[in-house]
Every structure is written in structure tokens, then in C-alpha cells.
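Good morning, colleagues. Please bring up the sequence and the structure, and I shall go through selected features chain by chain.

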Amino acid sequence: MKEKKDKIIRDLEDALSSVSNAVELYEVKAEFLGKKGCVTELSASLKTMSPEEKKNFGKKLNELKTAVEEKLTIKGKEIENRILNEKLEKEKIDVTLPGMQIKCGSPNILEGLIESLEELFMTMGYDVVEGPEVEKDLYNFELLNLPKGHPARDAQDTFYVKDDELLLRSQTSPVQVRTMLANEEKGPIRVICPGKTYRRDDDDATHSHQFTQMEGLLIDKGVSLADLKGTFDIIAKFLFGENVDTRFRSSFYPFTEPSVELDVSCFNCGGEGCPICKSTGWITVGGAGMVHPKVLSNCGYDPDTMSGFAFGFGIERLAMLKYGVTDVRMFYTNDLRTNCDRKDV
Amino acid sequence: MMRISTNWLNDYVDISDENLKELALKVTNAGVNVETVEEYSNPLLVVGQLLDVFDHPDSDHLHVCKVDVRDEVLQIICGAPNVQKKMKVIVAKNGCVLPDGTQIKNTVMRGVESQGMLCALMELDLEENTPENYEKGICKLPDEALVGSNPYNYLGFDDTIFNLDLNPNREADCTNHIGFAYEVAAVLGKKVEKPETKCKTIDADVNDELDVQVITDNCTMYNARKVKNVVIKESPDFIKERLINCGMRPINNVVDISNYIMLEYGQPLHFFDAAKLGKHILVRMAEKGETIVTLDGVERKLCEEDILITDGDNPVCVAGVMGGANSGIDESTKDVVIEAAIFDPLKIRYTSKRLDLKSEASRRYEHGLNYEYTLEAIDRACYLLEKYADAEVLTGVITHDIVDKTPRVAKVTLSKINSLLGLDISLDEAKKCFNNLMFPFELKGEEFTVTIPNRRNDVAMREDLVEEVGRLYGYQHLENSMPDLEIRRGTYVGNIALRKAVSKRLRALGLNETRTYSLISPEMDEMFAYEKKQSIPLLKPMSVDKSIIRQSILPSLKNVLEYNVARGVKDVNIYEIANTYSNVEEEDTKLAILMSGEYMSNTWQGVHVKSDFYCLKGIVSNLFEYLGYQDRYSFVPCSEIPDMHPGATALINIDNRPVGYMGRVHPSLIKKETYVLELSLTTVASKKTRSYKYKEQNKFPSIVKDVAFVMPKTMNSLEVEKEIRRSSGKLLKNIAVFDVYVGENVKEDEKSIAYSLTFGDETRTLTSEEVNELFNKVIEEVTKKLNLTIRN
């Protein structure tokens, strides 16, 4: 029996060594385990054996069957794997070819910056409000302590639309006036007002007849210049990184008193002095101050009980500093080769 | 910009021990911006000494000079007649750039090498370029000049200049050296010393030789004095140097003195030639059409807004702006009438602007003058004329004076100062600030009653005093704090949230945002004039191409398309949201989209999604679904929109009311196949939407049936769809177009559209029998009603 068994195993191994596909494997399987297969034939001899012999032989026979099946299965797996690998080989692609161009649109770089600032301010409780671009002289100048003939009106030479009444706003400050006037209880206010503004400037690398401002206004009891400093510090660090310092320099705006320039330490040279900060170590990024008592009272607030601060940024200037733009006209040429669809815009 | 000579400044406040750069920083931090600190020096401009001089071998006037400049000996060719051995001279070395921009370079002149240039004062822009000055030759420095050192030190230009970039509120007090001295003194805690104004007078009174009459309220002060027998000559060096350092060119001693006083006190003076003026001065408003020939020889037309100085009959000076040619100082002037006046700032502003004659003087009048200085300045002028022009000064001053001299007083408490600034300044610190400012005050408890000096016309009220204390005490002491307000998240107010949502969605859908100008040209204003009402022009535009406020964004997007196509960008898919105006009172926030070229592609795979009508329609549909307008929007064919293709344009409706339009641009306006959309977001925002609510999906299976109808080409799919819906009733859950066919088996003027109809019921499973029955009924009704056939 042992000899037979060994021979069958050897024959099987011989037969399998030349098998190269599923059909041949099937044929080999039939040859050994089929109805007329050699293993099956062996079991025929069982009939003639005594029960004692049967038990012994049957055990051996089962062992043989198991061994044969195992070898066939292994060969089957081998063939399957080879076929699969051949298929995979055929399916190989050139992964270096370009992918489908899935384009997300790019925001205008100014709009991108405005949106991120709005997010910041809304988390600090500021509402985002807007006002009309064709504005009344009353709101753009008069109520902001800029009466007719005021020298500071010179600096904001304005596009008038109708006599001396209607103009293209030269600043977003009229939105503050509108907000204060609309607040019937004369209660606390926290708003930012982003928007387009217009002045009679010839367009060049640093001037634009149309530009963008974002102003903020906060009014409550007991608001101080130190509160403005704290608020500005947050904005500056948001825009230019945690490492920048901030400082105030005394300045002048007709609608704030005291007025200050908002400076950040140069994020380029860290204060050492470079062309960006004109060797001063500081860069002016906006203007601010405590709301002028005349503006407060013009809008129905009592300057003896309420105070507030206002600040303003030129969005173009911030964008030029933040992203290294050197010509303000770039924001309005809309060259589609420039794409600023980035998470940090 | 205002140039301050620190040498001059030192006459009034002692800054001799100060580091001037540090001083500039201190003054800047306190609020008067010293933009630059300018020192007269140029490393390539040095003192040299002529070791040897001989004639050029090949010229009759050139000299060859051997010049010691300390570290080397240069050979320089010079044509000036006054070169002499041992002379100390100014040497511009190789590479030196002169004030006029000329760069000095080593060269060869007629065969002889020359390594630089010996300079005359006019070449350094320290003297006028005149034939007389040219004749003088090169500048001879004093013998003690140190070879190799800075020559400016020996020319009186060892001065440091502060260039002030002034805020408008400090124009009045910081555009003169005395006023700025008070600011410096306040910063340093020092005292100010005023200059000498007293002079000898002769035994004659101005009142006997001149009378002044002022018949307008626009001249609140008019002072006149008279001097005799002036000798017109060059000014003394210190006056010339100071004027030059402050950016003014010396002319002669008399003219220079008037400019000197303006820079000293901020008070512009006007000098009349007494012989030409006569005995009368009448100040009045000009009459309409009146004319005067001004000093520059130009005839000026005047109007009722101009203040005029006359000799009683004829105009002699446009007050505060420019003198008349008929009464000015010239070489032969002997007797001078000096005017020191205050005119209404607004009037001067208006006149100087209208006549385009802005000057150093008009600038000062415009910002308001201090009457105390007006009085001092005229005496100071007499003092200087006596000293430097040999003038004989008449006694007396003729004065017209209606200036309101009520002391200006403001009150502030220490607690107000601290609460507004958020600082903790002590009473002593606050007192020190007011003392340093030389603001007299009384203190009651913690309340300051401050008398504001006339030189500071920018300070008027409580908050101004707070600022004065704050800026002198120093904002560097501010600690960052935050306002104590309720914690909440801010929101977008009004329609802004909608606009932001639209913008972000369109970007996600692959459109690029643009930002174009609101002001456009008349040609652009004519384009895409679907909703256009009357144009809104600016009153005084800067140029024609930016003269009208736009009512449509599309003309600007057309420009963006052209700009990009010209730069090789073929696929232009853009949008812009902006405020437009159909009339000045009504702002309309519009959305405009322009698409041209391809929307999406992968060329090597042959994938091309064209930016066409249906692509754009898909985008706007996606947007409306996102915004919550499901089943409320529709597209209605419209052939009458200007600049649009009559056969490929639709009105966009929400709730059956138009909000805008979309379609292909008429090829006569844009040749390249281009699609646009413009709609009013203001109108869209007025259509309220419900917020999202979860809806359970149908648990029962649905049955899909397909049918293709053959219809005339002119028929719109929408008509068929409407009919399908009507005849199907509520079991129809969806209609989808899955094929549009023209060609074989379909007549030339017909098309076939294939629809997939989805039937279902939320309460049960439909049987195929009932669906078939319904489907057949739909087919029958639609074909009959619309006169269509079925395509098999």
C-alpha cells in the first residue's frame, strides 16, 4: 500500500508539473480523483477486505485523498494567481499622464482676504454690514465732522453724482454713521463694514480710483484706546503672524479723537530694517481712533456716557503687504493665469 | 512736506545736546511725523587741495590740476579761471552723482586723463544757475577746510533737515520753526525762546504816509508798516543757507526776509513797493470780471469770492495768493510797505485752487493763522530789514483788527483722560504734560481747566486734551485689553449672506471671481442694455472711459474675456457680484457670469465639456437648488434681449417672475462663442425660501418607462414636459430627458426627444398593469394634445 501511495503522489507531482491552465488541472483531477481515477480505483479493493483490513486501509486511503486534494488546490491557487497577475500586468497605466483638470474657481484675491477677515470678526461678535456706494454727502462727510471746506476733504477728492448731495463714497465710514443712526436704543454696536470706495486718483502702481476698505466700529460704555490696541493686536497677528508686535502712533482723522496710526513690526525683517518697512522696522497698515464726540452726538449718542473706537484698513494695501503684490492695478486686471484658490487666501 | 532746519530750530529750543535721529523718532512717536532725517553729506564729495596747476598742453583755457584728497592725489582737468595752487576746493570723485543727476566719471579730455570734477556752488544746487555765478568759477573753500572731509561743513550746510509729513490738523502750527519748536520743547520738556523783534525807528509815522481801509469781513486782521531806503543786495549767508535748507531759493535780501519770516512764524508777508502803491490800501472783495496782472505776468480773471488788495482804485494784490505786477519789489525799490494780514482760510483755499496758484503762502493762510504771530512777524520783518537791508523803519503800525480774541478754554478730568485712553496716568504726570505743552491750566480737584494757546488751532475740546496728554505720555504704555461685551457670534446682515453663499458655490463649480471697475465708458454703457434705464454719468469724470456708473456687469466681463484671450487663455469661466445702479437711489446687487471655451477637459483622454448654454444652465440650476428654489425656477425662451443671440437666450424666472437672463452673446458683439448670465441677487433675495427639512425616501419600488416623441424643431421640450406632468398626475415622480435626436428616420424640420418617466407611490407598490395603463394614457394624451408621434 505504501508503495502504491508513494507512486500515486509521484505520478501526481509529475502530472501537475506540466499543468499550465485550469483545463489541464481539471483533467489531472479527473485522472486521480475522477470515477475512473487511480485513487478511486484503489478504493474498489476495499470491497474484498476484512473489516480489520478495511479500517486500516480506509484510513490510509483518506490520507492519500487529502494529500492529493491539497496538491491540486495549491496548483489551482497558483494558476489563479498567475492569471490574475497577467491581467493586472495588462491593466497597467502610465500614472504620470495628467489627471482630469478639476478646477475650483479662484476668488478675487481681495475678496478672499475680506472673507477671512469677516470670519475673524464674526467670531469676535462683530456683525458684517454694508451700505450704498452712491452715498449722501451728509453721511460721507457732514456727519463725520467733515463740513464743506474742511481741508481734509482735499485728500479725498470725490466723484460727485448729483450737485453737492450725492457722491460715490470716498470711504466706508458712512456705513458707521448709518449703523449708529439706525440703532434706536443707542445701545452697544459691533460692526465691520467692508466695501468699495472711490476717489479721484489717477491709476498707477500705488493708486486706484476704485479701492476697498474695511472699517470697524465698536461702541459701548467705557470703551478705551487700550481696547482698540488689544483688538488691533489680534487683527495684526491674524494677518501677519503671531510674532508681530503692534504699536500706535498719534495721528489725525476728522472723525476720531484721539486718532492713531496702526503699525505692525516688519514681518519681513523682524524690525531690523528693510525696503518693505523703509528701514524703520514698522509698517503702517491702517488708521483708527476713539470715535469723535461730534460724530457720536451727530448720530444720537451721548459722548459723556458712551464711547467707542473705529478703525479702517485699505484691503488693497493689506493684500499687497501680505501676498507681495507690487502693483495695485493687478487686483482689477483679472488675469486668469493668476490663481489664488488656496486655503490661506 | 515741511522742511525744518535743525540749526534754525536750535535758535528757539536748545537741541544742541540731542541726537537728532533719536529726537526725530521721539517727535514722530508723539504724533508729528518726521518722515526723513536728511544730512548734507555725500561720501564722494570731499574737500581737496590743489597741489599743482598747469595749463593743458592742448587747450587755451583748460587747466590740469593735481588735487590732494587725503588718501590719494587725483589729476583733474578744470576750465574755471580761478584755479590756483594751494586753493581748497570741492572735489566730486569718480561715481559722484550731482543734484541735477549728472554722474561724474573718470575720462580723458583732449588726451589728458581727468579723475573727477572741481565744483562750483551752482553745480551743487546751492546757487542759482546764472551767467554771473558761472563767471565766478569754482568754489573756494576757507583755508582751514580739512582735506578729505565733508565740504558742506564749510559752506554753512552742516545742518540736519527734518522732513515733516504733517497731518492736516498740525499744518497750522508745525509749518514754521517757532511752532515746531514748541512741539519739540513739549516732547523734551524744554523751554522756547522767541527771536528779537524790537528795532530802532525813525522820526516819521506810517500813519502819516499811508491809510488802510478794510471793507470785508473776510480779512479779520490787516497790519501795515513802512520802511524807507532799503538797499537791495544779497542776503547774509545764514539767511541764504536756511532758506536753501528749507527748500526755497534765495533771491535778494528783501524778498528773502519775507520768506524767512514765513518759515519762522508761519505768517506770510507781502511787500509792496511804496512808490508804486501810493498812499492808500483798500481791502475788499473782487468784483465779477475784474482782472489783475499778477507778478508772473499773467492776467487773472477774478470773481466775487476773491479777496483783493487795492490802492483805492486798482487791484495791487490777490490777497494771500499772489501780488500784482504793478506794485512788487524790484531792484530799484527804495521804500517798502509791509503787509501782515489774516484772511478767511476758505476764501484763500478757493481762490488759490481756482487760479491754480497754490503756494507756500496760500498753504499757510488756508490752515489758519495765529494773530499773535501776525503782530510779532511784522515787527520781526522790520528788525531784519533794518539789520540786513539798511532800512529806516517808520514808527507805528496801522492795524485793522476784528479777530475774536476770547480765550479758548476746555475742561478735562483726570478720570476722563484715563478712562478714554485705558491708562493709569497720575495727576502729576498729567500736569507735567500740560506744562510741557505750555498750556496754562487751573486745577480743581482732578479737573483741569486749560487755556489753549492760539498757536494750536487744532485743540478745542475735552477729547483733544485727552489726546495731547496721551500722545505726550506715550501710547507705548497702552496694555492690550478687550472690550467687555457679551459673547456672541456676529452675522452677515441683510443680503450679504446670500451673496457670500452664491460666490462660494460658483467658485466650487469652477468659476473664477473677477473684480472690475464700477465706472465705465459710454460705449460699455450701451452694451447688454436689457434692463438699462437712463445712464448715470458722473458730474466731473476724470476720463471718458470712467465716466458712467454701470448698470450691468457684463460689459466689464467682456473686457476680462478679451484681456485673457489676448494672453492665450482660451477657457474663460468667470463671475462677478457687484452693486449696480439703475437710478441713483436704487442699488441692485447683480450676479454676472461669462463662459467661453471649455468648462472641463482632459485633452489626451478626449474629454471635453464645452462651456455652452446647457453647461451654464446646469450651473445656475445647481445654484438655485443649493439656495433652496427647487421646482420654483424656470427658463423661458426670449428672442428680444439686446446683444443676445435671438435663438439661444432665455429669461430666468423664479416663481414665474423674471430675475435675469442667460444665453449666447450675439456674434456681432463677441465673435467667439460666449455665454453669459446676469441676474439680480437683490430680486432673488426677496424670494423667501424654507430652511431644509429631512424627507424620508420612498420605501416602495418605482417603475421607469421610456418614450420618445417626434415633434417640430420649433417646439420646446418644456411644453411636452408640462403635458406629460398634467396627464400623469401624482404618480409621476420624475421626468428626465435622455436623448435628443435629429437625422435619419426623422424629418428635416422635426426632432425626437426621449424621456424617462419614473412612477411611484409612497404608500404602496405599484403593479405593472396600472403603470402600463397610465403610461399608455399619457402617450395617447400627449400625442393627441400636441399633435406628436411616437418614435420606435
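In chain A of this predicted model, V260(A) stands opposite A288(A), which belongs to β9(A). The two strands concerned are β8, residues 256–265, and β9, residues 282–291, both of chain A; they run antiparallel and are joined by 8 bridges. Both strands belong to an open sheet of 7 strands in chain A, whose order is β1-β5-β6-β10-β9-β8-β7 and whose pairing is mixed. Which strands stand at the edges of this sheet? They are β1 (127–128) and β7 (246–253) of chain A; each has a single partner strand, so one side of each is left without a neighbour in the sheet.

Chain A also contains an open sheet of 3 strands, in the order β2-β4-β3, and here the pairing is antiparallel. The edge positions are taken by β2 (134–136) and β3 (160–162) of chain A, and because each has a single partner strand, one side of each lacks a neighbour in the sheet. From one strand to the next, the twist averages 40°. Strand β4 of chain A, residues 166–168, is joined to β3(A) by 2 bridges, and the two run antiparallel. Within β4(A), L167(A) is the residue opposite Y160(A).

I turn to helix packing in chain A. Two packed helices are described by the angle between their axes and the distance between the axes. For helix α1 (residues 2–17) and helix α4 (residues 51–90) of chain A, the angle is about 10° and the axes are 11 Å apart. α1(A) and α4(A) are therefore roughly parallel to each other. From α1(A), the residues K5(A), I8(A), I9(A), L12(A) and L16(A) meet K60(A), L64(A), A67(A), V68(A), K71(A) and K75(A) of α4(A). By class, this contact comprises 7 nonpolar and 4 charged residues, with no polar ones.

Next, the interface between the chains. How many residues of chain A are in contact with chain B? There are 69, and they are in contact with 75 residues of chain B. On the chain A side, helix α8 (residues 225–240) of chain A gives the largest share, 7 residues. That side of chain A divides into 33 nonpolar, 18 polar and 18 charged residues. The 7-stranded sheet is also involved with chain B: helix α15 of chain B, residues 462–473, lies across β7 and β8 of chain A and runs at about 30° to β8(A).

Helix α15(B) also has a partner within its own chain. Its axis and that of helix α14 (residues 427–437) of chain B come within 9 Å and cross at roughly 95°. How are α14(B) and α15(B) oriented, parallel or perpendicular? At that crossing angle, α14(B) and α15(B) are therefore roughly perpendicular to each other. In α14(B), the residues E429(B), A430(B), C433(B), N436(B) and L437(B) meet E468(B), V469(B), L472(B) and Y473(B) in α15(B). Their contact divides into 6 nonpolar, 1 polar and 2 charged residues.

At the level of domains, chain B is divided into domain 1 (2–40 + 159–188), domain 2 (45–154), domain 3 (202–401), domain 4 (408–477), domain 5 (496–686) and domain 6 (703–790). The centres of domain 1 and domain 4 of chain B, taken over C-alpha atoms, are separated by 22 Å. Between these two domains, 10 residues of domain 1 are in contact with 10 residues of domain 4. On the domain 1 side, α4 (171–174) and α5 (177–188) of chain B each supply at least two residues, and α5(B) provides the largest share, 3 residues. That side of domain 1 has 4 nonpolar, 4 polar and 2 charged residues.

A single loop residue deserves a remark. D143(B) is found in the loop between α3 (131–135) and β10 (160–165) of chain B. Is D143(B) buried or exposed? With 9 other C-beta atoms within 10 Å, D143(B) is exposed. D143(B) and V89(B) are 54 residues apart in sequence, and their C-alpha atoms are 9.5 Å apart in space.

Finally, I come to three strands of chain B. Strand β36 (residues 644–654) and strand β37 (residues 657–665) of chain B run antiparallel and are joined by 7 bridges. L651(B) has Y661(B), in β37(B), as its bridge partner. β36(B) and β37(B) form a hairpin with 2 residues between them, and D655(B) in the turn has a positive phi of about 50°. β37(B) is further joined by 5 bridges to strand β38 (residues 674–680) of chain B, again antiparallel. There, V676(B) in β38(B) is the residue opposite G663(B).

Definitions and conventions. Residues are numbered from 1 along each chain as its sequence is written. Chains are lettered from A and ligands numbered from 1 in the order in which they are written. This is a predicted model: local features need pLDDT of at least 70, side-chain atom pairs count only at pLDDT 80 or more; totals for chains, interfaces and linings use all residues. Helices (H or I, at least four residues) and strands (E, at least two) are DSSP runs, numbered from the N terminus. Ala, Val, Leu, Ile, Met, Phe, Trp, Tyr, Cys and Pro count as nonpolar, Asp, Glu, Lys and Arg as charged, and the others, Gly among them, as polar. Two strands pair if DSSP finds at least two bridges between them. Axes are lines fitted to C-alpha atoms, for helices over the stretch in contact, and angles run from 0 to 180 degrees between N-to-C directions. A residue is buried if 20 or more other C-beta atoms lie within 10 Å of its own, exposed if 12 or fewer, and partly exposed in between; C-beta atoms are placed from the backbone. Domain bounds come from an automatic or database domain assignment. Angles under 35 degrees count as roughly parallel, over 145 as roughly antiparallel, 65 to 115 as roughly perpendicular and the rest as oblique.
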